[in-house]
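Could you walk me through one strand and its neighbours in the viewer? I would like to know what to select next and what is there.

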Amino acid sequence: MKRQIIPHTLVLLLFAASGIAGCSKSAVEGGTGTGTVALHISATRATGESPEEGTSTYDPLEYQTIRIYNASDELIRRYTAASQPERLELLAGNYSVDAEVGEQVPASFEKKFYHGRQEFTVTAGQTEGVEVKCTRQNVAAKVAFDASIAEKFGSTAKVLIAAAAAEQASELGKGSLDELTFTEAGEGYFILPEGVTTLVYRFEGTHNDPSVGDNGAITREGSLAGVSAGANCSLTFRFSEDAPGYIECFTVQVDDSTEDVTDDIIWTDISITGDGFDLNEQQEYIPGKSSAVTYLISNLTPIKDVVLYAGDNTYGLIESSYPGITLEKSNERNMKVMLSDEFFTSLGGGEQELRIRVRDTSNGELSYTTPFRVQGLLPVQTADYDLWSNRVTLKALILDPETPEVTFTFGERTKPGEKGSDGIYSATFEPEWTLTENTEESSYPSYYLPVAGTGVFAGNPYNYGVKIGTLDFAGTFTAQNGQIIPNGDMEGSLSCFGNSNSNTLMWGSGNNGMSDNPLCQAGSFTGMGGSQCAKLSAGQTLGILAAGNLFTGTFSLKYTTGTVSFGQKYDYTARPKSLKFKYHATVGAVDINKYGPIQKDDQDISTVYVAIVDWSDRHIVTSGMSEPTGTWDPAAQTTLDGSGAIIAYGRLDISKSTEGSALVDGEIPLRYYDTASAAPTGNYTLVIACSTSKYGDFMDGCSTNVLYIDDFAWGY
């Protein structure tokens, strides 16, 4: 295969500098001002190269010599890979650099040697890049064996090659030449001795037919003339038996083309340093007091991109600009990144990790991650608020040893901060409640409603902040979403749409099979969510009203007496403000009255109510006048004997038919009797009840009322 050794490039970056100890004037040509030569060199190497196509781990960069000469060609500096300083100061003037990479071995299967020289100028106050093109000095000789060699000579075939005069071919194998022996295909590298432009070779092998050659032994010698440093030679050996006489024929070829590429050696020296701080140590930043954080970036080759990572934020600094971040470019190889108060306050206070990554045009890359502690407002985490007690605790990290005044703000309210451990200041904001007199009847108990703008409720966004000394810090957060009401979308084959409601998981209905039409069934109405809604239809049997109904709980029927057990256990994780749903009601005049308070021909009332209760068991009522009798009214009482406390309730009475032909939005505010109860632990109960007639349990109402209802959900 043809090979090409491309000119590899060693790049030395010259930095303008002053005040650095350097070489004496006697060693350097004169001038005013100084510059600094960066001598860091690293490399990446392509894989897949020999001695046998790819197994060598030899790295020529481990063996390098850098020599710097002044304008008079006097050697003023000499360095090896181990002795190179990080920076070398030179006076302004003209210089040349001579670079050697690898080992200058006469013959080797893997050791290559590169050399290059380049003149450059150091100008005070300026930065220049200097490229030294180092070309391979070895002659590459690639040996290939035709299949005929293995067929006729087996494992006895070998080729000896050396860089020597043509007449020295006969000395191969005698130990007097620096030679390589090939027993299989491979590539070797040779340094041409002074005045030599020839490779000599010798083939040796034993033919499997003793009549060929000297009892089977065959040798052939030859030479390749006109070879120069860096050349690529290809030698292919084959054997032919042309009649008459078995004449051996060997083919040797010199290939000076450069079609294929061997390994690329890339030098890079990215440098990222903190201006006055250690990138590997935690830093503290106090807005208003700390100076800007500055990263100093330099490289031997042009910088392609600089990216800053902070939390979930990514800042591509080459192509874009950002508030509080300044990228200052001296040139393509030297830059500064400066981070100001505006940047750090946008991150928020507390523990922060900043990572800066730099890549260059040679695909070199370097990054540093530095931990920071930033004085300021800490972001609100889910652990900082409780969605049942509706409290939130705000926090700020204070690093200033002079301890400024700390005042927190939540909505329209402010509170002074209290000092805790590790420099954390905090303030807790609780919800406010308005005590409201129940105007429905003066004997009914009062209840509480939350004051707008106070407390933390599920799914809502909030603004908060802190004033530290004279500086204001602001933040926002959105509380976690609240809960769903199981099967509140009325989708699926729910038990409430059938006759068996004695052991429901959530929704039930009563007397569903006691009327010509089901009292509760799956229906369809414009504006519903999903594929169905609940349709409650009133009816009658033998002149007795049967109200359409839907509720959380169970229903059982014994003879002609129906018993409703209200409520299902529900593990509240967030305090709701209201119950939301969609509905459409057709409400007429009372046409049946057995026991209830609404007289015939008066306007009937459909109703929906909700209650949060702390019951030891479900509350049981029966239809008609059987014991336990009638309905229960959570508006009139805060406890039920034998059951437990009513935490909150709400009710919507519908006394006229809904306008339009689509479901409308309904919302029932929750009136709280108890605002200080402990967070529920799964023992609270949810009660939702819907009826086409408010007094249907007393067989009082309109037998043609219809209520479509869907999409029950909490409002927060």
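Here is a short tour of one strand, its pairing partners and a nearby loop residue that touches it. Keep in mind that this is a predicted model.

**Stop 1: the strand itself.** Select residues 549-558, which make up strand E45. How many of its ten residues are buried? The count is seven, so E45 is mostly covered.

**Stop 2: its partners.** Add residues 561-566 to your selection: this is strand E46, which runs antiparallel to E45 and is joined to it by six bridges. To find the pairing on screen, look for Leu 557, with Gly 562 of E46 opposite.

Next, bring in strand E56, residues 685-691. E56 pairs with E45 in the antiparallel sense too, through three bridges. Here Leu 550 has Cys 690 as its bridge partner.

Then select residues 507-508, strand E40, which is antiparallel to E45 and joined to it by two bridges. Zoom in on Gly 508 and you will see Phe 551 of E45 standing opposite.

**Stop 3: a loop residue.** Now pick Thr 504, in the loop between strand E39 (471-478) and E40. Is Thr 504 buried or exposed? Its relative accessible area is 6%, under the 20% cut-off, so Thr 504 counts as buried.

Show the residues around Thr 504: leaving out those up to four places away in sequence, it touches Ser 495, Gly 553, Thr 554 and Gln 568. For a last close-up, display the backbone oxygen of Gly 553, which lies 2.5 Å from a polar atom of the Thr 504 side chain.

Conventions. Residues numbered from 1 in each chain as written. Predicted model: local features only at pLDDT ≥ 70, side-chain atom pairs only at ≥ 80, totals over all residues. Heavy atoms only, no water. Buried < 20%, exposed > 50% of the residue type's maximum accessible area, 1.4 Å probe, protein only. Helix = DSSP H or I, 4+ residues; strand = E, 2+ residues; numbered from the N terminus. Pairing = 2+ DSSP bridges. Polar contact = N/O pair within 3.5 Å; in protein donor to acceptor, adjacent residues only side chain to side chain. Contact = heavy atoms within 4.5 Å.
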